[in-house]
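Here is a short round of questions for someone meeting this structure for the first time. Keep the 3D view open and follow along.

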Amino acid sequence: MLIGVAGLSVGLALGGVLLLGALGWTLQRSVDAEAFRTADAVALLAASDALPDPLPVAGGQLRVQVVDAQGRIRAASIDADRLVPMLRPDQLRGGQRQRLDVDGRRVGLTGPVRVVTVPAGSSLDPLTVVVAKSVTDVRHSLHVVRTLLLVGFPLLVAGLAAVAWRVVGATLRPVEALRRGAAEITDRAGPGRLPVPAARDEIQRLAVTLNDMLDRLAAARARQRAFVADAAHELRSPLANMRTELEVARRLGPETDWPAVADDLLADTERLGRLVDDLLLLARLDEEPGAAAVSRPVGPVELGELLRAVVGRYPSPPVRLVPPAGPVWTEGDPTELRRVLANLVENALRHARGEVRLEVTGAEAGGPVPGPRRAGPGERAYHLVTVTDDGPGIPAAERERVFQRFTRLDDARARDDGGAGLGLAIVRELVRRAGGTVELADADGTGLRVSVRLPALVEPDAG
C-alpha cells in the first residue's frame with residue numbers, strides 16, 4: 001500500500017506540473033495572439049497612412065502606441081500615454097516583431113504586462129506598433145488551478161488509498177481465512193478442509209486446489225496406515241507359526257520330529273523372506289520416480305528369451321510356452337520384467353486346474369521385426385504378453401480390486417499357499433514403471449487371461 005500510494009502521489013504530482021505548464025503556455029499563447037492581431041491591424045492602418053486618433057482597441061486591457069524611429073508617439077489608444085513610449089529605445093530593437101514582459105506601472109496597468117511589437121510604416125518613415133496587454137487574469141487563473149491541485153490531489157490520494165485499502169483487505173481476507181484454516185488443521189493434526197470463498201476467483205481456485213491436495217494427502221496417509229497394519233499382520237502370521245512349532249517341539253522333548261520341524265520352520269522362513277522382499281520392493285516403488293530411476297539398468301530386452309528363462313524354472317507339463325515367430329524386443333529393467341512374469345506365472349499356477357500358457361505377440365500385424373528398433377510414426381508401440389490359466393477366473397467386478405495391496409479373494413487358500421495379496425500389486429507397479437499396462441480378462445472357455453502391454457523397440461538405436 002505504501003509503495004502504491006507513493007507511486008500514485010508521484011504520478012499525480014508530475015501530472016499536475018504538466019497540467020500547469022500546458023495551461024500557462026496555452027493562456028500565454030492566447031494573450032500573444034490577441035496582442036499581435038491588434039498590432040497587425042494597426043500596422044495595416046499605418047501602411048495606408050490612415051491612422052486614426054485615438055487608435056481603436058477592443059477591451060480595456062489593451063494599450064496601443066505607434067512610435068517612430070526618433071521615439072516619438074505618432075498615435076495612441078485612448079488609455080495609452082501620448083508622451084512616454086511603453087518601451088525604452090533599446091527594447092524596440094529597430095522595430096522587430098518580439099514579445100516582452102514588463103512592469104505594469106510603466107504601461108499604466110496593474111500587475112505584469114505582456115508587450116508585443118510589430119514593424120509598420122515605410123522604409124522612409126519606419127514605425128513600430130507597440131501593444132501591451134495585462135496578464136493578471138492569466139496569472140490568477142494559474143493560481144486558482146494550482147490551489148485546486150494542491151488541495152484536491154491530497155484528498156484524491158487519500159480517497160484512493162482508502163478505497164485500495166478496503167479492496168486489498170477484502171481480497172486478502174479469504175487468504176487469511178485459508179491461513180487460519182491451515183493453522184487449525186496443523187494444530188489438530190487430523191483430517192480437515194480449508195474454507196472455500198464464494199467468489200469464483202484465483203483465491204477460490206487456490207482453496208479448491210489445496211483441499212484436493214489435502215484429500216490426496218489424507219488418502220495417502222490412510223493407504224500408508226493400512227499398508228503398515230496389513231504388513232504387520234502378515235509378518236505376525238509366519239512368526240506366530242514358527243513360535244508355535246518351537247513351543248510344541250520343546251514340550252514334546254525327545255519325541256519331537258526335528259527334521260519335520262526344521263522343514264516347517266524353513267517353509268515359514270521362506271514365506272517370511274518373500275513377504276519382506278515384496279514389502280521392500282513396494283516401499284522402493286513408492287519412492288520418488290526420478291530418484292529410483294537413477295540406478296535402474298534400463299536397456300533392450302528380448303521377451304522371448306526372458307519368457308523361456310522364466311518358464312524353465314517350472315515343470316513343463318503345467319507351464320507351456322508358445323514360442324514367438326522371432327525376436328521380440330522391448331525396453332526396461334530385465335530384473336523387474338522377470339519379476340513381473342514370475343509373479344504372473346506363480347499366481348496362475350496357484351489357481352490353474354491343469355495348464356498355464358505363456359504367449360507373446362509382436363508389435364506389428366505381420367509378426368515381430370528382428371533387432372531392437374524404436375517405434376516409428378503410426379506403428380503400434382507395444383508388445384502383448386499373455387499368461388492364461390484354466391482356473392476359476394476372477395469376476396469382472398473384482399478385477400480392479402485384486403491389484404490393490406493385500407487383496408485376496410480366497411484368504412484361506414492364498415494363506416495356505418504362501419500368498420500375501422501383493423503379487424498383482426507389484427506387477428502393476430513394475431509394468432507402469434516400464435511404460436506399459438496390465439489387464440485381466442476371461443480366457444477362452446474357462447480361466448483367466450492376464451495381458452501385459454510393454455513398449456516395443458522397432459527402430460535400430462543410433463550408436
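Q: In this predicted model, the side chain of Arg 63 has a polar atom 3.2 Å from which backbone oxygen?
A: The contact starts from a polar atom of the Arg 63 side chain. The partner is a backbone atom, an oxygen, 3.2 Å away. It belongs to Asp 79.

Q: Is Arg 63 buried or exposed?
A: Arg 63 sits in strand β1. Its contacts beyond four places in sequence include Ser 77, Met 86, Val 107 and Val 131. Its relative accessibility is 8%. The cut-off for burial is under 20%, so Arg 63 counts as buried.

Q: Which sense of pairing joins β4 to β5?
A: Strand β5 covers residues 126–134. Gly 121 stands opposite Pro 126 in β5. The two strands form a hairpin, with four residues between them. Nine bridges join them, and they run antiparallel.

Q: Which residue of β4 is the bridge partner of Arg 99?
A: Strand β3 (residues 98–103) also pairs with β4. That pairing is antiparallel, over six bridges. The partner of Arg 99 in β4 is Val 116.

Q: How many of the ten residues of β4 are buried?
A: Strand β4 covers residues 112–121. The strand pairs with β3 and with β5. It is mostly covered, and its count of buried residues is seven.

Q: Which residue stands opposite Tyr 382 in β12?
A: Look at strand β10, residues 382–389. Strands β10 and β12 pair in the antiparallel sense over eight bridges. Across from Tyr 382 stands Pro 455.

Q: Which residue stands opposite Val 438 in β12?
A: Strand β11 covers residues 437–442. It pairs with β12 in the antiparallel sense, over six bridges. The residue opposite Val 438 is Val 452.

Q: How many of the eight residues of β12 are buried?
A: Strand β12 covers residues 448–455. It pairs with β10 and with β11. The strand is mostly covered, with a buried count of six.

Q: What arc do the buried residues of helix α8 cover around the axis?
A: Helix α8 covers residues 303–311. Its buried residues are Leu 303, Gly 304, Leu 306, Leu 307, Val 310 and Val 311. They lie on the same side of α8, because they cover an arc of only 160°.

Q: Which residue caps the N-terminal end of α8?
A: Look for a side-chain oxygen by the backbone nitrogen of Gly 304. The distance between the two atoms is 3.1 Å. The oxygen, and with it the cap, comes from Glu 302.

Q: Where is Pro 54, and what form does the peptide bond from Asp 53 to it take?
A: Pro 54 is in the loop between α1 (2–47) and β1 (62–68). The bond that leads to it from Asp 53 has omega near 5°. That bond is cis.

Q: Is Asp 49 buried or exposed?
A: Asp 49 is in the loop between α1 and β1. It has a positive phi of about 55°, although it is not a glycine. Its relative accessibility is 72%. The cut-off is over 50%, so Asp 49 counts as exposed.

Q: What distance separates the C-alpha atoms of Leu 272 and Glu 234?
A: Leu 272 is in helix α6, residues 258–285. It is buried, with a relative accessible area of 18%. Beyond four places in sequence, it is in contact with Leu 235, Pro 238 and Leu 239. Glu 234 is 38 residues away along the chain, yet the C-alpha separation is 8.6 Å.

Q: Which backbone oxygen lies 3.4 Å from a polar side-chain atom of Asn 343?
A: Asn 343 is in helix α9, residues 334–351. It is buried, with a relative accessible area of 11%. Its contacts beyond four places in sequence include Ile 426 and Val 427. The oxygen in question is that of Gly 423.

Q: Which element gives the most residues to the lining of the second largest pocket?
A: This pocket holds about 510 Å³ of space. Of its 15 lining residues, those closest to the centre include Arg 223, Phe 227 and Glu 429. The elements that give two or more residues are α5 (202–252) and α11 (423–433). The top giver, with six residues, is α5.

Technical notes. Residues are numbered from 1 along each chain as its sequence is written. This is a predicted model: local features need pLDDT of at least 70, side-chain atom pairs count only at pLDDT 80 or more; totals for chains, interfaces and linings use all residues. Side-chain values use heavy atoms; hydrogens and water are left out. Buried means under 20% relative accessible area, exposed over 50%, partly exposed in between (1.4 Å probe, protein chains only). The arc is that of the directions from the helix axis to the C-beta atoms. A polar contact is a pair of N or O atoms within 3.5 Å; within protein, one must be able to donate a hydrogen and the other to accept it, and residues adjacent in sequence count only if both atoms are side-chain atoms. Contact means heavy atoms within 4.5 Å. Two strands pair if DSSP finds at least two bridges between them. On a 1 Å grid over the protein atoms alone, a cavity is a set of points where a 1.4 Å probe fits but cannot get out, and a pocket is an open set with protein on both sides within 12 Å along at least five of seven lines; lining residues have an atom within 4 Å of a point. Grid points are joined across faces, edges and corners, and a volume is the space filled by probe spheres set on the points.
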